[in-house]
Amino acid sequence: MSAVPGVIETAAAVSSGRRTAVAEVEAALARIAEGDGRFGAFLEVTGDLALEEARAVDARVAAGERLPLAGVAVAMKDNMWVAGRRTTCASRILEGFQPPGDSTVAARLRRAGAVFVGRANMDEFAMGSSTENSASHVTRNPWDVSRVPGGSSGGSAAAVAAGFVAGAFGSDTGGSIRQPAACCGVVGFKPTYGRVSRYGLVAFASSLDQIGPLTRSVGDAARLYRVVAGFDPLDSTTVDRETGDPEGALGRGVAGMRIGFLEEAEGEGLDPEVAANLEAARRIFRDAGAEVTRVSVPRTTVAIAIYYVVASAEASSNLARFDGVRYGPRASDADLRALYVESRTRGFGPEVKRRILLGTFALASGYYEAYYGRAMRVRHLLSDDFDRAFARTDAIVCPSIPAPAFRVGEKTDDPLTMYLSDVFTVPASLAGLPAISVPSGLTASGLPLGIQVLGPRFGEETVFAAARALEAAADFPDAIPAVAG
Amino acid sequence: MTSERPVVTPAVVLEVAELARLHVPEDELSRWAGQLSRIVGYIDQLAAIPEQAFGGSPAAPATPVRPDVPRPGDGDRALAANAPRRLHGYGVVPRVVGAGS
C-alpha cells in the first residue's frame, strides 16, 4: 500500500508527463477490483466513466493546462452529485436517483483534473457513526475487518485506508469525516462552516453540514481542500473570503503557537490508550516549540445533547421532501396520504426514522421551546465558549475518538451509546469551526487512534500547520500491515 | 421547566409518527418509545443549565445576499425525470380533489 502515490505526488507525475491519468485511474480500479471484496468501501465503481474522464484529463495536460489534481482518482461519498452517476445516500428512498449534474465540489475537482472512480458507502443519509446504516451493506475497517470503519463517511475512509485511492470526499455534520478518518488511520478535515459549497450535497442538517477531504497525508488534504473551497453563488451559506494558502502553511511549524489541550476531554473517564496517545501529542507539540496549555470549553460536555436535537430537527425538515412523489420508488398509489406514509416507511431505514421521529418530536407544538429552542440557545453558549477560548489560544487539541473502532454489531441496539462515539467531534460542528483528525498512533491491539486539531473560524492555515507538525512526529505506520502484506 | 418533562410514551410516538408521515407498527411502539425516551432523557441535561447562564440574546449573523437575477434553472427537467410516475413532463399523484374523503 505504501507504494500507492499520494494526491500531490500523482498530480505532479501526471502534470509532468511521467505518468498518464489513464494509467493512474487504471491502477486505482485494479486495486479496488482486487481488494474491495473484503471491505465494501464502494457502493458502485464507475470504471468506464472514470477512464473516459481520465482520457480527457490526459488531453488537457497534453494541451498545456496546469491542473492541481491531474489524474488523481477520488472516491465520492454517495451524497454528493457527480454527473453521470447516481446519488442514493445509501438509501432505498433515493434508489436510482440521477442528479442533474455535478455538485459544486465535483465540478471544482473535475476542473482541477480529478477523476471519480466510484460512489463510497455511507450511513444512510449520513446518519450514523459506523456505516452499518447503509441500505446496501456494511463497510469493514481495513485494519480489522471485524470492526466498523466509523461513519458516516466510512466508505470514503476505508477506500483511502485500504490504498484504493489517495483522496476521498465525505461530508461532516457531527464528525462524519473526522471520526471515520480516526477509526481508519487516515487524515480527515472538516473546513469552517461556509468555506465549501454544499450545492449538490443532499442536505442532512443544513446549519452543520460541511464537505471535506479524507487522505493519507495532511498535505494531500490541504491540496484537496484548496481546490474545492471558496464562494459559490449556488450556496448562499458560502463565505466570500480568500481561501488563503493552506499548503503554504504546512511548513510553518508550531514554534510559538499557543496550543490548548481541551480540559473537558481529559479525566478519569478517558480510555487509557486514548489518554496515552493524547500525552504523546502533548510532548510532540511541546518539543516542536509550541506553548502548550490547557483550555476549558465548558459546554462541550453537553454538545451531544445539543447536537441530537438540532441535527435531528433539521433532518426531519430536510427529509420531508422524500415522499414518493419526486424521487425514488413509490410504495402506494391508493391515496396521497398512503403514498407519503408507505413510500417513506419502506424507503427509510431504522436510524433515519429514529432521527426523523426525534426531530419531529423536538419541533412539535408543546415540545419546541423545551427542546429545539433550548438546544439552540445552549448552542450559542457553546459557540461563545469557543470564542473565549480562542482569545487565549491559537488551536485546541483533543482526541478524535473516545475509543478505537468498535466491532460490527456492537452498538447497533444501543443508539445513545452509538451517538456518544461523536463526543469529541460534535463541538466543532456546532460552532462551525475547522477541525482535522490526524492519525496519531496505534493501540496495543494495532488499531488506529486520531488526534484532532481545532482552529478558530477561518483558521484553516493554523489547523494545517499544527496538523502537519503532529503528523511529522507521530509514530504512525505508512501502511496497514495486513493490507500491505 | 424540569418539573413536567414529557415522557416519550407509545402515544407520543404514534402522534409524532403521524406528523412525520411514518407508519410505526403497533408491536414496535413500545420499543421506539423506550429508545426515544432514553435519548430524550439524555437530552434533558440541557434543562439543568440555569437561566442566568444565557444572558442577553446573541446577535444573529448577517444573512449573505446575492443579486436577484433570473438565470436558467437548467437541471429542472433532469430532476423531474426522477419522479416515479410522470405524465406530459409532470409528476403524477393520486387524485386529491374530488377523491371522496
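Here are some exercises with worked solutions on the structure above, which is a predicted model.

**Exercise 1. The build of chain A**

Task: Find out how many helices and strands chain A has, and decide how its radius of gyration compares with the globule rule.

Solution:
- Step 1. Begin with the secondary structure: chain A contains 16 helices and 11 strands.
- Step 2. Next, take the radius of gyration, which is 21 Å for chain A. For 485 residues the globule rule gives 23 Å, and the two values are close, so chain A is as compact as a globular protein of that length.
- Step 3. Add the outer dimensions: along the principal axes, the C-alpha atoms of chain A fill a box of roughly 65 × 55 × 45 Å.
- Step 4. Look inside: 65% of the 485 residues in chain A are buried.
- Step 5. Finish with the contacts. Of those in chain A between residues at least 6 apart in sequence, 76% join residues at least 24 apart.

**Exercise 2. Where chain A meets chain B**

Task: Describe the contact of chain A and chain B: how many residues does each chain bring, and how much area is buried?

Solution:
- Step 1. Count the residues: chain A brings 57 and chain B brings 45.
- Step 2. Turn to the area. The two chains bury about 4700 Å² between them, and 68% of this is on carbon and sulfur atoms. On the chain A side, A:Leu357, A:Tyr371 and A:Arg374 lose the most area to chain B, together 15% of what that side buries.
- Step 3. Look for pairings across the interface of chain A and chain B. The rule finds 15 residue pairs in polar contact.
- Step 4. Ask which helices of chain A take part. H9, H10, H11, H12 and H13 each supply at least two residues of the side that touches chain B. H12(A) gives the most, with 9 residues.
- Step 5. Sort the residues on this side of chain A by character: 33 are nonpolar, 10 polar and 14 charged.

**Exercise 3. Salt bridges between the chains**

Task: Work out how many salt bridges cross the interface of chain A and chain B, and place the partners of the bridge between A:Asp333 and B:Arg85.

Solution:
- Step 1. Recall the background: side chains of opposite charge can pair when their charged atoms come close.
- Step 2. Count them: there are 5 salt bridges across the interface of chain A and chain B. A:Arg337 and B:Glu18 form a salt bridge, with N to O at 3.1 Å.
- Step 3. Now take A:Asp333 and B:Arg85, whose closest N and O atoms are 2.7 Å apart. A:Asp333 sits in the loop between H9 and H10 of chain A, while B:Arg85 sits in the loop between H3 and S1 of chain B.
- Step 4. Check the surroundings. Partly exposed covers the range between 20% and 50% relative accessible area. A:Asp333, at 33%, is therefore partly exposed, and B:Arg85, at 41%, is partly exposed as well.

**Exercise 4. Salt bridges inside chain A**

Task: For the salt bridges A:Arg198 to A:Asp235 and A:Arg468 to A:Glu471, say which parts of chain A they join.

Solution:
- Step 1. In the pair A:Arg198 and A:Asp235, N and O are 3.0 Å apart. A:Arg198 is in the loop between S5 and S6, and A:Asp235 is in the loop between H7 and S7, so the bridge ties together parts that are 37 residues apart in sequence. Both residues are buried.
- Step 2. In the pair A:Arg468 and A:Glu471, the N to O distance is 2.7 Å. Both residues belong to helix H15 and are 3 residues apart, about one turn of the helix.
- Step 3. Compare with the accessibility: A:Arg468 is partly exposed at 32%, and A:Glu471 is partly exposed at 21%.

**Exercise 5. A look around A:Ser91**

Task: Is A:Ser91 buried or exposed, and which residues does A:Ser91 contact?

Solution:
- Step 1. Locate A:Ser91 in the loop between S2 and H4 of chain A.
- Step 2. Apply the cut-off: buried means under 20%. A:Ser91 has 5% relative accessible area, so A:Ser91 is buried.
- Step 3. List the partners beyond four places in sequence: A:Glu124, A:Phe125, A:Ala135 and A:Gly347. With A:Glu124, the contact is a polar one between side chains, at 2.6 Å.
- Step 4. Follow A:Phe125, which lies in the loop between S3 and H5. A:Phe125 is buried, at 2%, and has a positive phi near 55°.

Methods. Residues are numbered from 1 along each chain as its sequence is written. Chains are lettered from A and ligands numbered from 1 in the order in which they are written. This is a predicted model: local features need pLDDT of at least 70, side-chain atom pairs count only at pLDDT 80 or more; totals for chains, interfaces and linings use all residues. Side-chain values use heavy atoms; hydrogens and water are left out. Contact means heavy atoms within 4.5 Å. Buried area is the accessible area (1.4 Å probe) that two parts lose on being put together, summed over both. A salt bridge is a side-chain nitrogen of Lys or Arg within 4 Å of a carboxyl oxygen of Asp or Glu. A polar contact is a pair of N or O atoms within 3.5 Å; within protein, one must be able to donate a hydrogen and the other to accept it, and residues adjacent in sequence count only if both atoms are side-chain atoms. Helices (H or I, at least four residues) and strands (E, at least two) are DSSP runs, numbered from the N terminus. Ala, Val, Leu, Ile, Met, Phe, Trp, Tyr, Cys and Pro count as nonpolar, Asp, Glu, Lys and Arg as charged, and the others, Gly among them, as polar. Buried means under 20% relative accessible area, exposed over 50%, partly exposed in between (1.4 Å probe, protein chains only). The radius of gyration is taken over C-alpha atoms; the globule rule is 2.2 Å times the number of residues to the power 0.38.
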